[in-house]
Amino acid sequence: TSSDDSVEESLEIVTIQPELTVEVVDTGSPVLANQTLAVTAEITNEGEREWTGEVQLNDTGDDPVDTDTVSVAPGDTAEVELEWDTDEGTDGDVTVSVQDASLDVDEEAGETVTVIPEGDPFFEVTEIGADDITAGDELTVTVEVENTGGASDDQTLTVDAGVLGEESELLIISADESTTETFTFETDESD
């Protein structure tokens, strides 16, 4: 061979990136002001490279309030729970995001949450019960409702029993009190 015989080769370096998606799957909203709001998100990696990084929760003012480090294998989904200690007047959108500048990753998902001021009433169904019955028997449903807010109020409670119908009752509950209501539905042999 002569010195003029040379071989040129080109080499391309390919960086395999994770492909992440973020979904808010639960928020625990509504919540009373000055209580903790739990936000659950799923991070899915549809790429070919494992990703380890920080997941961040931003409050309604877009300020970071909680972070967690997660690892997500290719083709897998990781669930992360983040928390925010709310305060007065903070209704709006919270955002869960994953960012990694070194891998050009910037994904986020948002969800609207309601934060109820402490002085307002806040009704929660704390227990629902019904006995097993046989067709033709009477169905009795009990519902416990608590006003965990800071003021008395009234609220209409409706129980929908599907083909058996629905019943409603107007409740008046003082702050930090609860009541148990009973609803009865008639069944026949064909139910």
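# Exercises on a predicted all-strand model

Pro 30 sits in the loop that joins β1 to β2, the latter spanning residues 31-32. The model is a predicted one, and the exercises below work from this loop to the fold, the cores and the surface.

**Exercise 1. Determine which form the peptide bond from Ser 29 to Pro 30 takes, and state where Pro 30 is found.**

Step 1. Inspect the omega angle of the bond that runs from Ser 29 to Pro 30, which is near 5°, and assign the bond as cis.
Step 2. Place the residue in the chain: Pro 30 belongs to the loop between β1 and β2.

**Exercise 2. Work out how many helices and strands the protein has, and what share of its residues counts as buried.**

Step 1. Count the elements, which gives zero helices and 14 strands.
Step 2. Read these elements along the sequence, and the pattern is β-β-β-β-β-β-β-β-β-β-β-β-β-β.
Step 3. Turn to burial, for which the cut-off is under 20% relative accessible area; of the 191 residues of the protein, 31% count as buried.

**Exercise 3. For Asn 34 and Asp 176, find the sign of phi, the loop that holds each residue, and the exposure class.**

Step 1. Asn 34 has a positive phi of about 70°, although this residue is not a glycine, and it lies in the loop between β2 and β3.
Step 2. Asp 176, likewise not a glycine, has a positive phi of about 60°, and its loop runs between β13 (166-173) and β14 (177-186).
Step 3. Exposed means over 50% relative accessible area, with partly exposed lying between that value and the 20% limit for burial. Asn 34, with a relative accessible area of 44%, is therefore partly exposed, whereas Asp 176, with 59%, is exposed.

**Exercise 4. Identify the residues of the largest nonpolar core that touch the most other members, and the elements that give two or more residues to this core.**

Step 1. Within this core of 23 residues, the ones that touch the most other members are Val 39, Ile 43, Val 55, Leu 57, Trp 84 and Val 96.
Step 2. Trace the core back to the strands: β1 (20-26), β3 (36-45), β4 (51-58), β5 (64-72), β6, β7 (92-100) and β8 (105-113) each give two or more residues.
Step 3. Look also for a separate core; a second one, of eleven residues, includes Val 143, Val 145, Leu 171 and Ile 173.

**Exercise 5. Locate the patch of negative charge on the surface, decide which strand gives the most to it, and examine three of its residues.**

Step 1. List the residues that gather in the patch, namely Asp 26, Glu 79, Glu 81, Glu 83, Asp 85, Asp 93 and Glu 111.
Step 2. Assign the main contributor: strand β6, residues 77-85, gives the most, with four residues.
Step 3. Take two glutamates of this strand. Glu 81 lies in β6 and counts as partly exposed because its relative accessible area is 48%; Glu 83 also lies in β6, and its 41% relative accessibility makes it partly exposed.
Step 4. Take Asp 93, which is found in β7 and which, at 45% relative accessibility, is partly exposed.
Step 5. Compare positions along the chain with positions in space. Glu 81 and Glu 42 are 39 residues apart along the chain, and their C-alpha atoms are separated by 8.9 Å. For Asp 93 and Gly 110, 17 residues apart along the chain, the C-alpha separation is 6.2 Å.

Conventions
Residues numbered from 1 in each chain as written. Predicted model: local features only at pLDDT ≥ 70, side-chain atom pairs only at ≥ 80, totals over all residues. Heavy atoms only, no water. Patch = residues over 30% accessible without salt bridge, like charges linked within 9 Å, V, L, I, M, F, W, Y side chains within 5 Å. Areas by Shrake-Rupley, 256 points an atom, 1.4 Å probe, with all protein chains shown as cover. Salt bridge = Lys/Arg side-chain N within 4 Å of Asp/Glu carboxyl O. Lys, Arg positive; Asp, Glu negative; His and termini not counted. Charge placed at Lys NZ, Arg CZ, Asp CG, Glu CD. Buried < 20%, exposed > 50% of the residue type's maximum accessible area, 1.4 Å probe, protein only. Core = buried A, V, L, I, M, F, W, Y, C linked by side-chain atoms within 4.5 Å.
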